[in-house]
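Q: How should a first-year student begin to read a protein model?

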Amino acid sequence: MPKVRTKDILEKFNLELISGEEGINRPITMSDISRPGIEMAGYFEYYPAERVQLLGKTELSFYSGLSSRDKASRMERLCTDITPGIIVTRGLEVPLELIEASEREAVPVLRTNMKTTRFFSRLTNYLESMLAPTTAVHGVLVDVYGIGVLITGKSGVGKSETALELVKRGHRLVADDCVEIRQEDQDTLVGTSPELIEHLLEIRGLGIINVMTLFGAGAVRSNKRITLVINLELWDPKKQYDRLGLDEEKVKIIDTEVTKLTVPVRPGRNLAVIIEVAAMNYRLKRMGVNAAQQFTARLSDVIEDAEQD
């Protein structure tokens with residue numbers, strides 16, 4: 001199923017349907033938008049017909065100066081069997097030649113009262129969000145001190161219980177069990193919850209609880225940018241865990257690398273506090289304060305002083 005159809009932008013931006021209603025279900029496959037100015041001048045060599053076409057005051061004022069023959073020809077070539085739609089901005093009058101060509105080719109012609117640049121920006125943002133690459137990850141996403149923390153680990157390791165404790169401490173739940181992730185930009189991952197399980201937590205022994213009902217609207221949020229991954233794993237006495245924090249591990253989600261921390265789990269460890277500190281420490285590192293590097297530098301100075309003595 002296509003992620004976006006022409007009728008979706010018709011409803012999203014409350015556009016007026018002028019003609020070409022038969023093609024209202026055409027799929028939109030890319031977020032790029034075309035303003036066919038050079039095509040109005042007659043150059044169709046590299047016409048991106050698969051994009052949404054936007055006609056503003058500039059394009060239509062040039063078009064109005066063409067001969068009747070050229071007007072019909074340009075609109076015929078503008079309307080193809082793969083063009084998802086043509087949108088006229090500023091509430092401008094739609095040329096009769098465009099209406100006739102769109103009806104023949106079943107290309108939807110829509111109109112908005114918004115200015116061209118503003119509508120171009122809003123439509124681009126909407127399409128980039130809807131058409132962004134997506135994936136689903138088994139885990140819990142929590143907003144901790146403004147940091148989007150994705151908690152991962154094997155089933156039963158305590159992810160949901162840790163999230164519950166974090167919510168009790170004033171942080172906000174985004175998703176439990178399944179986190180839908182979309183890459184909105186080259187280095188921007190945004191996580192959301194599937195609609196079916198939104199605001200719900202599954203706690204073994206208790207069952208499913210509604211976090212918003214129990215803790216209020218301030219305990220949940222609909223989406224959050226993911227900037228830190230914390231993987232919970234059962235304590236392995238044979239494994240060497242990082243004790244300084246100098247080496248920064250990364251994990252790749254879609255095409256974006258995110259900082260990853262591995263936290264061993266065993267009785268007596270307060271995972272909620274550890275994740276809180278991890279989030280605060282991550283913020284400090286982004287501000288240029290790295291405790292591990294400072295300690296290493298101090299240690300090197302002490303060693304140098306000892307050698308000189």
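The dialogue below moves from the whole chain to one pocket of this predicted model.

Q: What does the radius of gyration of the protein chain come to, beside that of a compact globule?

A: The value is read against a reference for a chain with that number of residues. A compact globule of 309 residues would be near 19 Å, but the protein chain has 27 Å. Its C-alpha atoms fill a box of roughly 90 × 60 × 30 Å along the principal axes.

Q: How many helices and strands does the protein chain have?

A: The secondary structure consists of 10 helices and 17 strands.

Q: What share of the residues counts as buried?

A: A residue is called buried when its relative accessible area is under 20%. In the protein chain, 43% of the 309 residues meet this condition. The accessible surface is about 17300 Å², and carbon and sulfur atoms hold 48% of that area.

Q: Which share of the contacts with a separation of 6 or more joins residues 24 or more positions apart?

A: Such pairs account for 68% of those contacts in the protein chain.

Q: Where is empty space left, and what lines the second largest pocket?

A: Rolling a probe the size of a water molecule over the atoms reveals where empty space remains. The second largest pocket has a volume of about 190 Å³. Its lining includes Lys57, Tyr63, Lys71, Glu93 and Pro95. Helix 3, residues 57–64, gives the most to this lining, with five residues.

Q: How do the lining residues of this pocket divide by character?

A: Five are nonpolar, two are polar and four are charged.

Note on methods:
Residues numbered from 1 in each chain as written. Predicted model: local features only at pLDDT ≥ 70, side-chain atom pairs only at ≥ 80, totals over all residues. Heavy atoms only, no water. 1 Å grid on protein atoms, 1.4 Å probe; cavity = no way out; pocket = protein on both sides within 12 Å on 5 of 7 lines; lining within 4 Å. Points joined across faces, edges and corners; volume = space filled by probe spheres on them. Helix = DSSP H or I, 4+ residues; strand = E, 2+ residues; numbered from the N terminus. Nonpolar A, V, L, I, M, F, W, Y, C, P; charged D, E, K, R; others polar. Rg over C-alpha atoms; globule rule 2.2 N^0.38 Å. Buried < 20%, exposed > 50% of the residue type's maximum accessible area, 1.4 Å probe, protein only. Contact = heavy atoms within 4.5 Å. Areas by Shrake-Rupley, 256 points an atom, 1.4 Å probe, with all protein chains shown as cover.
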